[in-house]
Amino acid sequence: MLVDSHCHLDFPDFDAERDAIIQRAHDAGVGRMVTISTRVAKFDQVRAIAEQYDTVYCSVGTHPHNADEELHITSDQLVELAQHPKVVAIGEAGLDYFYDKAPREAQALGLRNHIAAARQTGLPLVIHARDADEDMARILREETQKGAFPFILHCFSSGAALAKTGIELGGYISFSGILTFKKSEELRAIARTLPLDRLLVETDAPYLAPMPYRGKRNEPSYVVHTAGVLADTMDISHQELATHTTNNFFRLFKKIPAPDAPDVTEAAS
């Protein structure tokens with residue numbers, strides 16, 4: 001079984017055929033999906049999708065692009081919303097200096113609020129980091145000193161230093177379709193240095209479709225292609241990669257019941 005640890009099933013790109021998209025994911029062996037919140041103001045829509053499908057779960061939080069719109073949302077409010085049984089993560093929150101759609105101070109404050117909620121709930125924080133490696137590493141170190149919290153650097157496309165910091169602080173790293181692009185050899189080189197017990201795969205659908213679908217709308221079933229490239233990058237079998245990343249997923253997203261599955265040693269034998 002594979003898992004899509006990060007998609008956006010509430011986006012209008014999927015409105016016309018959401019049932020078919022989720023069925024295609026199941027047919028491709030994708031057994032769980034986490035649909036990610038980008039605005040608390042629209043959380044009800046995200047939660048409703050998770051409630052509708054047995055294999056879909058969700059997060060609650062504010063994307064850094066929207067940070068300045070929702071600074072009134074406190075960590076206590078996030079904690080309260082996270083009590084719902086289908087809410088398995090906090091975020092996505094973080095820093096995006098590529099687009100800079102929200103003031104950087106607002107992004108940092110929003111990130112720290114989400115970290116507090118992750119620390120209090122024990123749910124993983126889904127972190128968005130783009131062109132902000134130094135500030136992200138600094139905030140993660142500062143906040144970890146206040147008390148550890150689970151987190152995942154999603155859709156990883158940052159540098160080796162941030163990957164190292166994330167791993168050292170106990171975090172996980174998730175790769176999207178970017179890993180499959182021809183010009184992503186530097187990213188694949190970083191992936192080769194990372195421990196197998198900290199890796200996940202995702203689509204970030206509807207964005208960043210992997211090869212051979214690059215440029216088209218992405219969907220959860222396509223995570224199979226990213227997983228295949230990651231397996232080849234790590235020089236392990238596709239089955240072993242699936243077992244590792246799925247075991248890692250259930251270890252991190254511990255609120256999601258894990259089905260019976262073979263352990264890594266059985267998959268590798």
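Is Leu9 buried or exposed? In this predicted model, Leu9 is buried, since its relative accessible area comes out at 0%, and the cut-off for being buried is under 20%. The residue sits in the loop that links strand E1 to helix H1. Once residues up to four places away in sequence are set aside, Leu9 touches Phe14, Arg18, Ile22, Thr35, Ile49, Val56 and Pro220. As for Ile21, it is twelve residues from Leu9 in sequence, with 9.2 Å between the two C-alpha atoms.

Just before that loop comes E1 itself, covering residues 2-7. Six of its six residues are buried, so the strand is largely enclosed by the rest of the structure. E1 runs parallel to strand E2 (residues 30-35), and four bridges join the pair. Within this pairing, Asp4 stands opposite Met33 of E2. To get from E1 to E2 the chain passes through H1 (residues 18-27), making a β-α-β crossover that is right-handed. On strands in general, side chains in a regular one alternate between the two faces of the sheet.

Further along the chain, Thr233 is a residue of helix H8, which spans residues 223-234. Thr233 is buried too, with a relative accessible area of 9%, which puts it under the 20% cut-off. What does its side chain reach at 2.8 Å? The partner is the backbone oxygen of Val229. Beyond its neighbours within four places in sequence, Thr233 is in contact with Arg188, Ala191 and Arg192.

Then there is the empty space inside the model. Rolling a probe the size of a water molecule over the atoms shows where such space is left. Here, two cavities of 30 Å³ or more turn up, and the largest holds about 100 Å³ of space. How many residues line the largest cavity? There are 14 of them, and Thr62, Ala67, Glu70, Gly110 and His114 are the ones that lie nearest its centre. Strand E4 (87-96) and helix H4 (104-121) are the elements that each give two or more residues to this lining. Of the contributors, H4 gives the most, with five residues.

How values were computed. Residues are numbered from 1 along each chain as its sequence is written. This is a predicted model: local features need pLDDT of at least 70, side-chain atom pairs count only at pLDDT 80 or more; totals for chains, interfaces and linings use all residues. Side-chain values use heavy atoms; hydrogens and water are left out. Buried means under 20% relative accessible area, exposed over 50%, partly exposed in between (1.4 Å probe, protein chains only). Two strands pair if DSSP finds at least two bridges between them. A crossover is right-handed if, with the strands pointing away from the viewer, the path from the first strand over the helix to the second runs clockwise. A polar contact is a pair of N or O atoms within 3.5 Å; within protein, one must be able to donate a hydrogen and the other to accept it, and residues adjacent in sequence count only if both atoms are side-chain atoms. Contact means heavy atoms within 4.5 Å. On a 1 Å grid over the protein atoms alone, a cavity is a set of points where a 1.4 Å probe fits but cannot get out, and a pocket is an open set with protein on both sides within 12 Å along at least five of seven lines; lining residues have an atom within 4 Å of a point. Grid points are joined across faces, edges and corners, and a volume is the space filled by probe spheres set on the points.
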